[in-house]
Amino acid sequence: MPRESTGDAPDRIDTQLQHIGQAPLDPVTGAGPVALPSMRTSTVRFASMDMLDRAQAAKQRGERVPTYGRVGLQTHEALETLLCRLEGGQRAFLAPSGMAAISMALMACLSQGEHALVVDCVYGPVRYLHKTILSRMGIAADFVAPSLEKLQAALRPETRILYLESPGSLLLEMLDLPALARWAHQHKLTVIADNTWGSGYIYQPLTLGADISVIAATKYIGGHSDLMLGAAVATDPALIARLHETHYALGSTVSADDAWLALRGARTLGLRMRGCAENAQTVCQWLAQQPQVSRIFFPAWPEDPGHALWQRDAKGSNGLLAVAVDFTTPQTRRLIDHLRLFSIGYSWGGYESLVTQVEPSALASHHYWGANATPRMQAGTVLRLHIGLEDPVDLIADLDEAFKAAAQP
Ligand SMILES: Cc1ncc(COP(=O)(O)O)c(C=O)c1O
């Protein structure tokens, strides 16, 4: 009996991540590569008019049938299958960036005259999307604290969605997603969750009650800081149909080479996330001993206020954290400039360590900061660190030098 190259792997995620989307074996020679090639195309050709008609009919039924390159061929399909497995969804729609996936999901679910409830800890550019585009299309939005009381107060008859992100951007605030989703569903709202932090591996919004999960695969799935890609994943057939038409109509297409890079990145997603998380814990242990550190924002850290929710809902952690430090802005800038192993940059989720200062204006619009920041924290600054796969001994030595440089008068 010839061995099949894909299909029957046990369902554990680390095994699936190695087996989904393997290249098929040639039926004549029985040979084939492990990795699926990047299947680039604009034109899809058919053996006969009958076959074309069949494909068109299946497409009309909403099935994933490529009739044109915009939908993508096998490389795209393999990545979509892998993302569905990660997120626990039925269909995944690819987009050229995480932000494009967010826009696609919001446009799929909102029409003129409708209203969105958005939690105030979401990725900042979601506010920009509303300010620049959605509001012009007659869609209203309120950015509110993720408490049932605040959401209830902002609910309108025309509210259609609850958009959230857990843990939230910047301060990594864990949300009680199951409770928020239950409340939203009582009010017939569709729940869209940004799951870039969890990337399906350590957190699964769809299994916790969300209806659509959006991911910037730019971060941990790509994992090598060389790729922009996003996806929206759903289970409900009506939402899948909405996403399908929006994806097609907006022309949200992804290069096969980028889908291929994302597939390659996903093979080591577990290893990289675990490695970054372990290093981040070690760095947190050092940070906690520094007199200038007034607070660590990292759900896996036992003193983080979201730790219990993290223990309940997440399956692991990653390398992203924020730290409130008793340094003035000039001292913080000196600290950052002094770091040698941490590149200065906005992104995260790659193999390398990164640092930025969180903008005070971004914190101001965040209820979590308002509720938690002591006067000591308010007098200081907040650093964002992505802890990568370098040796943590070296990262700590680098941070130690930079803290000393910042502390100098
Ligand atoms: C939480 C979160 N969501 C979405 C995005 C957007 O992803 P992209 O940069 O691929 O558009 C980012 C990017 O930083 C992010 O941090």
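Me: Which residues come nearest to the ligand?
Reply: This is a predicted model, in which local features need pLDDT of at least 70 and side-chain atom pairs count only at pLDDT 80 or more, while totals for chains, interfaces and linings use all residues. Numbering starts from 1 along each chain as its sequence is written. There are 13 residues around the ligand (C-beta atom, placed from the backbone, within 6 Å of it), and those that come nearest are Ser97, Gly98, Met99, Ala216 and Thr218.

Me: How do the axes of H4 and H9 lie to each other, parallel or oblique?
Reply: Helix H4 covers residues 98-109 and helix H9 residues 237-250 (DSSP runs of H or I, at least four residues, numbered from the N terminus). Their axes come within 9 Å and cross at roughly 120 degrees, with lines fitted to C-alpha atoms over the stretch in contact and angles running from 0 to 180 degrees between N-to-C directions. Because angles under 35 degrees count as roughly parallel, over 145 as roughly antiparallel, 65 to 115 as roughly perpendicular and the rest as oblique, this crossing makes H4 to H9 oblique.

Me: Which residues of H9 meet H4?
Reply: From H4, the residues involved are Met104, Met107, Ala108 and Cys109, contact being C-beta atoms, placed from the backbone, within 7 Å. Their partners in H9 are Arg242, Leu243, Thr246, His247 and Leu250.

Me: What distance separates the centres of domain 1 and domain 2?
Reply: An automatic or database assignment sets the bounds, giving domain 1 as 81-261 and domain 2 as 269-407. Their contact takes 26 residues from domain 1 and 32 residues from domain 2. Taken over C-alpha atoms, the separation of the two centres is 25 Å.

Note on methods: Helices (H or I, at least four residues) and strands (E, at least two) are DSSP runs, numbered from the N terminus. Two residues are in contact if their C-beta atoms, placed from the backbone, lie within 7 Å.
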